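Here is a walk through one protein chain. Keep the 3D view open and follow the helices, the cores and a few single residues.

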Amino acid sequence: MDRYPTVADVAESARRLVSRFPGTGRLRRIGTSRAGRPLLMLSVGHGPRHVLVVARPHPDEPVGGATALALAERVAHGRGRSPATDPTLVTWDIVLCLDPDGAALSEGVEAATAGPAPTLESYYGAAFRPIAAEQPEWAPIVSRQLPESQALFRAIDELRPFLQCSLHSVEAGGSWVQLTNALPELAAPFQTSAGTLGIPVQHGTYDALYWENPSPGIHVLPPPDSTARLAAGSENITSSTWCAPMRYGGVTAIVEVPMWATDLADDLSPHPAAAEALRDLSGLVRDGGRQVTAVLDRARPFLPPARENALRRVLEWMADDLYDLVADSWEPLARQAGPGGPVPLTTAQICSLDVVARRQPLRAAGLLLRLLRAADHAAAPELHRELTELFTLWCADFEKALRLRWVPVRHQVEHQARTVVATADSALRALGW
């Protein structure tokens, strides 16, 4: 496997699996997207306990579709048999793509990253991630119930899974897992898998900036009454689909794998100038955002309106206050890293924020370049050339600054699948099953 499968590829492979294992696999529609696309669930096994796997919750993270198929094959064939993958004990229910509408707008990612050495430029030029209010897992936090969110909530209420695994990937860095409840036995197999496949474990991550961190790469959601524990924008996280299995005694694992790895992700040495680095990164995300927004300001008169165009909605959302929100959220860390601060920040922690600082303007620039290419206006070509120069420079700086290396798709998939199975086995043991 040297490329990610498309949503259509995943659905067709699921149908073939059901044909090959007619007594083991079932495929059904559990809902319909906003644009009328089917939400498909592949179930493998007939056990009384359920693992719910959610692939492609973010459309710009294509590894989940491949991992979903790998898990289904593993259970159907009985390969690497463990209690969790025994189809007589556990049924695996796999949502093949939670956001098919977003995936349709990110459909160039699979081709852009095919081959042995894809580039950030090709990836960001094709990727699409919707605004928070249009992300099915996250939308309930901002008080919007999408049909995709409702379908997932219904599946959780029907299945009452002891484990939900949400399959994610990060553009650059290392691998980590976020849990809604602690699973101490997961740490060892997770780290072993990453080590054997040459994938660094991410020590410190923006996505779980203030979560408990009981072991390397494992982050656990603190209790609801804990304060100053969540990254900006996630204060109401208990409303998300991630936390829904908790009402049935279940746990959710968000399993992240990198597309491009950097050895800085697991460098635990104290950063020599953390406070200065944080100031620089804050400036990087703000300045990059301002430069993209300056081009957007000149293009607004001839771009499609935001209410009719998802790419434009993302650009306006980011231009509104997202760049500043990200940079401002690091102020507590900057104080911590300053003279007399309680705990020095590591190189790995700074690396995780470096990724965020660089990717925000790149995501916006990639979307705006797509709109400018499609625009029928005399000013569009010059604006496209101007933004392309910045885009190309930022991608090159990103790759050089973090010394990025591509992680083969087969390694991304194998590590994510191993981690999901290890999480399921750990959850079964934690429940005494």
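What is the handedness of the crossing of α7 and α13? The crossing is right-handed. Bear in mind that this model is predicted.

Start with the geometry of that pair. Two packed helices are described by the angle between their axes and the distance between the axes. For helix α7 (residues 187-196) and helix α13 (residues 409-430), the angle is about 165° and the axes lie 9 Å apart. Angles over 145 degrees count as roughly antiparallel, so α7 is roughly antiparallel to α13.

Now look at the side of α7 that faces its partner. Helix α7 brings Pro189, Phe190, Ser193, Ala194 and Thr196 to the contact. Helix α13 answers with His415, Arg418, Thr419 and Ala422. By class, the residues of this contact are 4 nonpolar, 4 polar and 1 charged.

Helix α13 also packs on helix α2 (residues 63-77). Here the axes come within 9 Å and cross at roughly 55°. That angle falls outside the roughly parallel, perpendicular and antiparallel ranges, so α2 is oblique to α13. This crossing is right-handed.

Which residues of α2 meet α13? They are Val63, Gly64, Ala66, Thr67, Ala70, Leu71 and Arg74. From α13 come Gln412, Val413, Glu414, Gln416, Ala417, Arg418, Val420 and Val421. The contact of α2 with α13 divides into 8 nonpolar, 4 polar and 3 charged residues. Arg418 appears in this list, and Arg418 also meets α7.

Next, the cores. In soluble globular proteins, nonpolar side chains tend to be buried together. The largest nonpolar core here has 71 residues. Within this core, Trp330, Leu368, Leu387 and Phe398 touch the most other members. Helix α11 (residues 347-374) gives the most to this core, with 14 residues.

Zoom in on Phe398. Leaving out residues up to four places away in sequence, Phe398 touches Leu120, Tyr124, Ala172, Val355, Arg358, Arg359, Leu362 and Leu404. Another core, of 50 residues, lies apart from the largest one. Its members include Ala11, Ala68, Leu71 and Ala261. Leu71 is also one of the α2 residues that meet α13.

Three single residues complete the tour. Take Ser169, in strand β5 (residues 163-173). Is Ser169 buried or exposed? Its relative accessibility is 4%. Buried means under 20%, so Ser169 counts as buried. Beyond residues up to four places away in sequence, Ser169 touches Glu61, Val63, Glu256, Val257 and Met259. Val63 belongs to the α2 side of the contact with α13 as well.

Arg81 sits in the loop between α2 and β4 (90-95). With a relative accessible area of 49%, Arg81 is partly exposed. Not counting residues up to four places away in sequence, Arg81 touches Asp86 and Pro87. Arg81 and Val421 are 340 residues apart along the chain, yet their C-alpha atoms are separated by 10.0 Å. Val421 is one of the α13 residues that meet α2.

Last comes Val18, in helix α1 (residues 7-20). The C-alpha atoms of Val18 and Thr6 are separated by 19 Å, with their positions 12 residues apart along the chain. Apart from residues up to four places away in sequence, Val18 touches Gly25, Arg26, Leu27 and Leu42.

Terms used
Residues numbered from 1 in each chain as written. Predicted model: local features only at pLDDT ≥ 70, side-chain atom pairs only at ≥ 80, totals over all residues. Heavy atoms only, no water. Axes fitted to C-alpha atoms, helices over the stretch in contact; angles between N-to-C directions. Helix = DSSP H or I, 4+ residues; strand = E, 2+ residues; numbered from the N terminus. Parallel < 35°, antiparallel > 145°, perpendicular 65-115°, else oblique. Left-handed = near helix turned anticlockwise from the far one by under 90°. Contact = heavy atoms within 4.5 Å. Nonpolar A, V, L, I, M, F, W, Y, C, P; charged D, E, K, R; others polar. Core = buried A, V, L, I, M, F, W, Y, C linked by side-chain atoms within 4.5 Å. Buried < 20%, exposed > 50% of the residue type's maximum accessible area, 1.4 Å probe, protein only.
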